[in-house]
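Colleague: I am new to this structure. Please take one part and look at it closely with me, then work outwards from there.

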Amino acid sequence: MKHSREFHLILHGATGFTGRLAAEELHRNAPKGLRWAVSGRTSEKVNALAQKYEVPGIVTESLKDSDVESLASRADVILSCAGPYSVFGTPLVQACVKYETHYADLSGELPWIHQIIQQHHEICVQKKITLIPSSGFDSVPSDLAVHSMRQALSRPCKLYGLFRIKGGLNGGTLHSGLALAEKQTLSAPAPPSPFAIPYLKRWAAPFLMAPVNEDVVARSQSDFPYQEFLLVRTRGQASRMSGLLRLSTRMLASPFGRKLLRLFGPKPGQGPSKKKIEEGFADLTLLAGSLEQPLAVHRWNWTGDPSNLITVRCLVQTGLALAAGEAKAGGVLTPSGALGSALTQRLLKIGAVQHQTLPSHHDRPQV
Ligand SMILES: NC(=O)c1ccc[n+]([C@@H]2O[C@H](COP(=O)([O-])OP(=O)(O)OC[C@H]3O[C@@H](n4cnc5c(N)ncnc54)[C@H](OP(=O)(O)O)[C@@H]3O)[C@@H](O)[C@H]2O)c1
């Protein structure tokens with residue numbers, strides 16, 4: 001790509017809950033000389049944000065072609081926090097392809113992502129335009145952890161990702177889930193039953209984000225089959241988590257359940273308190289080969305609420321890496337497929353995550 005344009009980077013949907021946090025994160029981490037701007041549909045909110053960070057503000061309606069085309073033509077990179085993406089996302093992606101602008105977003109809406117891949121991957125490969133959906137908590141931590149584990153192993157084997165998380169729910173995330181559920185005609189598969197993890201003396205329960213993360217990881221690589229679960233202390237906790245997931249899946253699948261979630265759940269623009277965001281975390285333990293005697297064990301400790309702090313750190317570092325020309329290839333790519341270890345190094349450097357290698361069964365004394 002030729003570039004650089006008026007802006008190195010535009011943050012779109014900057015006025016939403018994650019958008020505002022992403023603007024703050026960008027303000028804190030933007031390298032000297034980075035020309036960036038905020039964009040959104042509501043002029044008062046955009047202007048207030050632009051004033052706060054002393055950057056240009058652009059009023060853009062995601063569904064209006066002329067607006068999003070102007071946005072895409074003015075920047076090297078667009079980061080979009082304007083979701084649900086299956087509702088608002090397509091015109092901006094089309095505009096980025098047309099104007100050869102790199103792009104990343106926070107979508108976990110698989111059918112929409114598959115549609116974008118089908119429509120734009122080939123042309124993006126040819127023109128070396130990098131589009132990275134799922135650049136938030138889903139699915140950067142899983143994708144980068146598997147990328148790193150693969151490099152440490154000499155031959156392919158099965159990988160298990162086990163998450164411990166503490167965090168809140170954003171209205172935007174709930175409404176993206178509701179938008180997706182409304183379009184889906186097939187019922188979701190039943191979640192897997194809990195099972196023991198002897199190596200960690202813990203239990204595995206089904207994890208809400210596993211289908212998205214597993215899909216992204218499978219697209220990055222196919223030789224290390226990857227499955228993801230929640231890690232809990234007891235069998236009873238695992239059964240309760242299973243029940244909760246089944247209940248939320250049923251609620252999303254039924255019009256009455258969706259009505260209740262709209263009525264009583266958080267609204268778009270809402271999210272957890274600052275304190276809750278700071279107290280949140282996500283620990284991902286990766287076991288290679290076996291749950292009893294793993295060949296290798298990696299742990300990634302992420303700080304902050306997964307849907308918010310972890311998400312915006314992943315998105316902002318993705319945007320900065322794209323703006324710095326660190327993309328390895330063009331295409332509609334996964335985080336590791338596009339940026340590989342460069343993104344991991346960036347996230348380690350800002351202290352978003354810490355990485356440890358734990359003793360595998362090879363390292364344990366035989367008794
Ligand atoms: N991958 C992850 O781990 C992760 C984590 C968190 C969030 N997310 C996703 O990120 C998205 C945003 O979440 P959120 O909590 O920030 O939601 P939110 O607070 O509801 O924000 C949505 C943003 O989209 C903007 N928007 C809506 N319709 C628009 C339109 N027609 N044109 C332009 N802008 C429009 C809103 O503008 P106004 O401010 O003017 O209303 C707002 O800026 C959701 O899809 C959510 O699922 C993903």
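Modeller: A strand here is a DSSP run of E with at least two residues, and strands are numbered from the N terminus. The model is a predicted one. Let us start inside one strand.

H12 sits in strand β1. Is H12 buried or exposed? Its relative accessible area is 1%. The cut-off for buried is under 20%, so H12 counts as buried. What surrounds H12, once neighbours within four places in sequence are set aside? The contacts include S39 and G40, then T60 and S62. L71 and L92 touch H12 too. So does the run I78, L79, S80, C81 and A82.

Now widen the view to the sheet. Seven strands make up an open sheet, and they pair in parallel. The order is β3-β2-β1-β4-β5-β6-β13. This places β1 between β2 and β4. The edges belong to β3 (57–59) and β13. Each edge strand has a single partner, so one of its sides has no neighbour in the sheet.

Further along, β5 pairs with β6 (residues 130–132). The pairing is parallel and runs over two bridges. Y103 has L131 of β6 as its bridge partner.

That pair leads into the nonpolar interior. Y103 and L131 are among the residues that touch the most other members of the largest nonpolar core. V38, L159, W302 and L347 are the others named with them. This core has 92 residues. Helix α13 gives the most to it, with nine residues. Where does the core lie? Domain 1 (7–136 + 308–339) and domain 2 (140–306 + 351–363) both contribute residues, so the core lies between them. A separate core has 12 residues, including I197, Y199, L231 and L287.

L347 deserves a stop. Beyond four places in sequence, L347 touches V140, L144, W302, R313, C314, Q317, A352 and V353. W302 is thus a contact of L347.

Next comes a helix that packs against β1. Helix α1 covers residues 17–29, 13 in number. From first C-alpha to last, α1 reaches 19 Å, close to the expected 18 Å. The buried residues of α1 are F17, T18, G19, L21, A22, A23, E25 and L26. What do they pack against? Their partners are β1 (7–12), β2 (36–40), α2 (43–53), α12 (274–279) and α13 (306–323).

Last, the charged pairs. The whole structure holds 13 salt bridges. One of them joins E69 and K98, at 3.2 Å from N to O. E69 belongs to α3 (residues 65–74) and K98 to α5 (residues 90–98), so the bridge ties together parts 29 residues apart in sequence. E69 is partly exposed, at 23%.

E100 and K127 form another, with their closest N and O atoms 3.6 Å apart. E100 lies in the loop between α5 and β5 (102–105), and K127 lies in α6 (residues 110–127), so parts 27 residues apart are tied together. E100 is buried, at 18% relative accessible area. K127 is partly exposed, at 35%.

A third bridge links E326 to R346, at 3.0 Å between the closest N and O atoms. E326 is in the loop between α13 and β13 (331–332), and R346 is in α15 (residues 341–349), so this pair ties together parts 20 residues apart. E326 is partly exposed, at 29%. Some bridges share partners: E24, E25, R28 and R313 are joined into one network.

Methods: Residues numbered from 1 in each chain as written. Predicted model: local features only at pLDDT ≥ 70, side-chain atom pairs only at ≥ 80, totals over all residues. Heavy atoms only, no water. Helix = DSSP H or I, 4+ residues; strand = E, 2+ residues; numbered from the N terminus. Expected span 1.5 Å × (residues − 1). Buried < 20%, exposed > 50% of the residue type's maximum accessible area, 1.4 Å probe, protein only. Contact = heavy atoms within 4.5 Å. Salt bridge = Lys/Arg side-chain N within 4 Å of Asp/Glu carboxyl O. Core = buried A, V, L, I, M, F, W, Y, C linked by side-chain atoms within 4.5 Å. Domains from an automatic or database assignment. Pairing = 2+ DSSP bridges.
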